[in-house]
Structure formats: C-alpha cells, structure tokens
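Work through the exercises below with the sequence and the model at hand. Each task is followed by a solution in steps.

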Amino acid sequence: MTRLFGTNGIRGVANIDMTPEFALKIGKAIGTHFKKGPILVGSDARVSGLMLKNSVISGLLSVGVNIIDVGLAPTPAVQYATRMLQARGAVIITASHNPPEFNGVKVIGSDGVEVSAIEENEIEKIYFSNNYATVNWQSIGWYERRSDILKIYNESIIRKVNIGLIKKASLKVVVDPGNGVGGLVTPYLTTLAGCETITINSNLDGFFPGRLPEPNDESLSLLKKTVKEAGGDIGIAHDGDADRVVFVDEKGNFITGDKSFALLIIKTLSKFKKGKIVTPVATSNIVKDVVEKYGGQLITTKVGSVIVARKLQEVKGIIGGEENGGIFYAPHQYVRDGAMGAMLMLEYLAETEEPLSKLIEGLPKYYQVKKKLSCPDVFKEKLLNKLKEKLRNYKIDSTDGLKIYVEKGWVLIRASGTEPIIRCYIESYTKKDAEQLSKWGVELVEESMRELNV
Ligand code: MG
C-alpha cells in the first residue's frame with residue numbers, strides 16, 4: 001500500500017500532491033476515524049493553506065464531525081488548545097520548515113501529540129478503501145470559529161516563566177519568525193516580558209519573501225547582522241509553523257540546536273534538581289555531558305519529533321530536545337514548542353546575567369560533521385545489516401541505525417525516513433579527528449554499497 005504519512009504527517013506540493021480533492025478525501029477519512037468531534041482545524045500562513053483547510057473542513061463536516069476552526073496559529077498553539085478545549089483531536093494544515101510550494105496535514109490526538117502510527121494506518125486504510133462514514137443531512141457536523149486560542153496558549157507560556165525577572169534584565173531581542181505564524185506569538189511574548197523587541201520578517205506571507213522557512217546558519221544571515229548592528233542580546237528564529245526555535249548570540253553567531261538545548265537542560269535541572277531528559281541518538285555529547293553533570297537522566301530515542309514527544313510523555317520527563325531546534329518543555333506540553341523555548345532562553349539569560357556567547361563558551365567542546373549518501377530505499381536495510389556484520393567488534397548502539405563508538409568519538413549511520421539517503425553523523429573532540437572519522441565512516445558505507453552492488 002502506498003503510504004500517505006511520513007515521519008511528520010502528510011506532505012507534498014500544493015496543487016500537485018496536496019489538492020483540494022485530496023484534502024476533502026483525507027478530511028473524510030480523518031473524520032471517519034475519529035467518529036465524533038469536536039476536531040480543531042488550524043493552519044500556518046502558506047499560500048495554499050486556506051484552500052486545503054476549507055476542503056479538510058468540508059470532509060470532516062460531511063461525515064458528521066463537529067469542528068472548531070482556530071484560524072492561523074503556530075502548530076504548538078493548536079496542540080495546546082486541543083488539550084485545553086478537551087477536543088477529540090486536531091488537524092493542522094502545515095508543511096513546517098519545507099519550502100513555500102509545499103503543504104501538509106498533521107493529525108493530532110486528544111492529548112495534543114501527533115496520532116500514533118497505528119492510527120495513521122487506520123486513516124490510510126479508510127482513505128484507500130473509500131470506506132467513509134455516511135450520515136444523513138441532519139447529522140452533518142456543525143462549524144464554530146474560535147479566535148482565542150493564541151491567548152490561551154500565550155497565557156500558559158507566561159505562567160511557566162518568571163516575567164518579572166525577565167523584565168528586570170531589560171533585554172534587547174531581535175525576533176525573526178521568517179514570515180511564518182511564529183510572528184503571531186513570539187514578539188507579543190517578548191514585548192510583554194519587557195524586552196525591547198525588534199522584529200524582522202514578521203509579516204505573515206506564504207511566499208516567505210524574507211528567507212526560507214527552515215531556520216539555519218545560512219538562512220539567518222539578516223538576523224545575525226541585525227542582532228550585531230542593533231546591539232541585541234539575542235536573536236530568536238522559528239521555522240514556518242514555529243514548533244522550532246534557534247538562537248543567535250549577541251555577537252551575531254548562529255547557535256546550533258544541541259547547544260541551546262544543553263543550556264536549557266542546565267536551566268531546567270537547576271530548577272527541578274533531577275529528572276529525565278529525552279533526545280534522539282544523533283544529538284551531540286554536549287547534551288549527555290551536561291545531563292550527567294547536573295544530575296539528570298538521559299534517555300535516547302530514534303530520530304523524529306513525534307518519537308521524542310511520545311517518549312517524554314511515557315517516561316514523564318522534564319525536557320526534550322533535538323539538534324534542529326526542537327524544544328519540548330513538559331511543564332507546558334510534551335510536544336516541541338518554539339515560543340516556549342524562546343521564553344525559557346530569555347529567562348535563563350535573566351537568571352545568569354551573562355551574555356549568551358559566554359554561556360555557550362562554558363559548554364563542553366565537540367566537533368560534528370554531517371554527511372549524506374544517496375541510497376535507494378529498498379537497499380537501506382540490507383546495507384545496515386551488512387555494516388552491522390562488518391562492525392561486530394565495535395561497541396554499537398542500534399536505537400536508530402548504527403551508532404558506532406570509537407576511541408575518538410562516535411559515528412552514527414542511519415537511513416533517512418523521508419528521502420532515499422543514508423545519513424552519517426560524526427562527532428569527535430577535535431576538528432581534525434572529526435574529519436578523519438567522517439572519512440572512515442563514509443568509506444565504510446561506500447564499500448558496503450559496492451559489495452551489495454547498490
Ligand atoms: Mg515545524
């Protein structure tokens with residue numbers, strides 16, 4: 001059976017894969033699966049958002065499900081509202097960090113977390129068999145529009161941090177939501193916390209004229225420049241649906257997600273004294289080191305934000321994080337949340353009264369290299385088995401692919417869940433060793449591919 005759901009919901013190009021006809025059918029399938037509502041429906045600010053959302057709503061209503069349209073909102077705001085309004089679930093029209101032409105559908109359960117793979121399979125089964133619920137005209141669902149979910153969401157975040165303390169620090173912040181829905185919440189929160197707030201790319205625009213929706217070192221050149229020129233204390237950037245947050249220090253340097261996560265671990269463990277921290281196996285040893293130093297317990301998972309969220313919920317952890325800027329703060333909610341992560345970082349700056357660059361300077365030093373090699377999906381499993389055989393004398397963690405521990409660090413070889421590629425992550429104590437290890441890892445993969453005639 002063809003799969004609709006990938007690692008992060010259904011994604012595709014608008015009007016090619018993601019058509020109104022498709023959205024109508026998937027709406028009917030989701031509604032049939034949930035049986036009853038209310039179901040929240042929200043979207044990010046993409047050009048195709050309204051077209052797809054209206055089709056999904058029609059599909060849901062037609063199978064007798066009541067819906068609450070929550071309008072434009074960050075993904076975590078819809079997730080939070082699902083729980084607070086005690087809805088049966090939610091559908092979010094978003095393609096997260098993908099380029100502007102993409103859009104997607106995320107299905108959320110009543111606990112605010114993406115539904116499980118089992119439920120996704122059920123929805124797919126209904127979709128492919130056209131086995132939709134049929135209801136008479138009297139039982140068509142009702143429609144309600146709510147415009148207060150951003151308020152509900154913001155208030156929860158405000159309750160989780162010490163606004164008075166942040167106010168006292170008189171921080172100057174530059175916020176770059178990348179023309180995405182993060183612009184609806186983060187500048188409001190920073191202003192409320194007394195920060196002098198400068199915004200760039202904060203108008204909602206589905207063409208993403210300011211930068212690509214993925215916030216990384218390359219795409220954030222304007223933010224880096226603005227923080228430096230304006231004498232800001234910190235730069236804050238989100239992806240297109242604001243479930244991720246990354247930072248720029250006061251010198252205009254981009255900070256990788258595992259470093260900012262490490263700072264928030266120190267902050268959280270200093271407050272709670274103990275607790276479980278969840279992160280995928282690909283995360284830097286910086287995280288492992290700070291968790292050990294500050295008395296926490298680290299739990300590693302396969303790569304994927306939904307997997308981290310589910311694990312955090314299962315083990316009742318305190319915080320989770322990903323190297324791409326995903327921050328999951330359990331006292332607020334178990335899913336990743338860009339605005340929550342941003343406010344925690346501002347609170348940490350206020351608590352420490354140190355410049356962000358100095359806090360980063362205090363973290364353990366590691367060097368990472370990332371490589372990708374193309375490999376057809378059908379060979380992925382064979383390749384990993386072959387590598388496992390070759391590496392049987394090494395210490396290996398097989399949580400996700402193969403994480404090989406060597407004297408000078410580690411090499412993680414894993415199959416991408418969304419693309420026909422094999423990813424290699426390498427980490428070591430020096431740049432030179434990281435490069436050498438990377439060469440070793442890549443050669444190992446290439447040699448195995450040759451042996452398998454890939
Ligand atoms: Mg996202």
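## Exercise 1: Helix α3

The residues of α3 that count as buried are T75, P76, A77, V78, Q79, Y80, A81 and T82. The model in which they are found is a predicted one.

**Task.** State how far α3 is enclosed, and which elements its buried residues pack against.

**Solution.**
1. Burial is taken as a relative accessible area under 20%.
2. Eight of the ten residues of α3 are buried, so the helix is largely enclosed by the rest of the structure.
3. The packing partners of these buried residues are the strands β2 (39-43), β3 (67-72), β4 and β5, together with the helices α5 (149-160) and α12 (338-352).
4. Just after α3, Q86 has a positive phi of about 50°.

## Exercise 2: The magnesium site

**Task.** Identify the residues that coordinate the magnesium ion, and say which parts of the chain S96 and D239 tie together.

**Solution.**
1. The donors are S96 through OG, and D239, D241 and D243 through OD, at 2.0 to 2.1 Å.
2. Along the sequence these donor residues follow the spacing S-x142-D-x1-D-x1-D.
3. S96 sits in the loop between β4 (89-93) and β5 (102-108), while D239 sits in the loop between β9 (234-238) and β10 (245-248), so the pair ties together parts that are 143 residues apart in sequence.
4. S96 and D239 are both buried.

**Task.** Place T94 and list its contacts beyond its neighbours within four places in sequence.

**Solution.**
1. T94 is found in the loop between β4 and β5.
2. T94 is buried because its relative accessible area is 2%, under the 20% limit.
3. With neighbours within four places in sequence left aside, T94 is in contact with R11, D44, T75, N103, G104, V105, K106 and D241.
4. Two of these partners appeared in earlier steps: T75 is among the buried residues of α3, and D241 is one of the donors to the magnesium ion.

## Exercise 3: Domains and the largest cavity

**Task.** Give the domain bounds and describe how domain 1 and domain 2 are placed and in contact.

**Solution.**
1. The assignment gives domain 1 (10-147), domain 2 (152-361) and domain 3 (367-451).
2. Between the C-alpha centres of domain 1 and domain 2 the distance is 28 Å.
3. Contact between these two domains involves 30 residues of domain 1 and 32 residues of domain 2.

**Task.** Locate the largest cavity with respect to the domains, using its lining.

**Solution.**
1. The count of cavities of 30 Å³ or more is one.
2. The largest cavity holds about 50 Å³ of space.
3. Its lining consists of T75, Q79, E114, D243, S305, V306, A309, F328, V335 and R336.
4. Two or more of the lining residues come from each of α3 (75-84) and α11 (305-314); α11 gives the most, with three residues.
5. By class, the lining of the largest cavity has four nonpolar, three polar and three charged residues.
6. Both domain 1 (10-147) and domain 2 (152-361) give residues to this lining, so the cavity lies between them.
7. D243, in the lining of the largest cavity, is also a donor to the magnesium ion.

## Exercise 4: The second largest pocket

**Task.** Describe the volume and lining of the second largest pocket, and say which domains supply at least three residues each.

**Solution.**
1. The volume of this pocket is about 240 Å³.
2. It is lined by 22 residues, of which N285, K288, K403, Y405 and W410 are the closest to its centre.
3. At least two lining residues come from each of β12 (276-280), α10 (285-293), β13 (297-301), β18 (402-406), β19 (409-415) and β20 (421-428).
4. The lining divides into nine nonpolar, seven polar and six charged residues.
5. Domain 2 (152-361) and domain 3 (367-451) each supply at least three residues of it.

**Task.** Is N285 buried or exposed, and which residues does N285 touch, not counting those up to four places away in sequence?

**Solution.**
1. N285 lies in helix α10.
2. N285 has a relative accessible area of 14% and is therefore buried.
3. Not counting residues up to four places away in sequence, N285 touches Y366, W410 and E427.
4. W410, like N285, is among the residues closest to the centre of the second largest pocket.

Note on methods
Residues numbered from 1 in each chain as written. Predicted model: local features only at pLDDT ≥ 70, side-chain atom pairs only at ≥ 80, totals over all residues. Heavy atoms only, no water. Donors = N, O, S within 2.8 Å, 3.2 Å for Na, K, Ca; no water. Buried < 20%, exposed > 50% of the residue type's maximum accessible area, 1.4 Å probe, protein only. 1 Å grid on protein atoms, 1.4 Å probe; cavity = no way out; pocket = protein on both sides within 12 Å on 5 of 7 lines; lining within 4 Å. Points joined across faces, edges and corners; volume = space filled by probe spheres on them. Nonpolar A, V, L, I, M, F, W, Y, C, P; charged D, E, K, R; others polar. Domains from an automatic or database assignment. Contact = heavy atoms within 4.5 Å.
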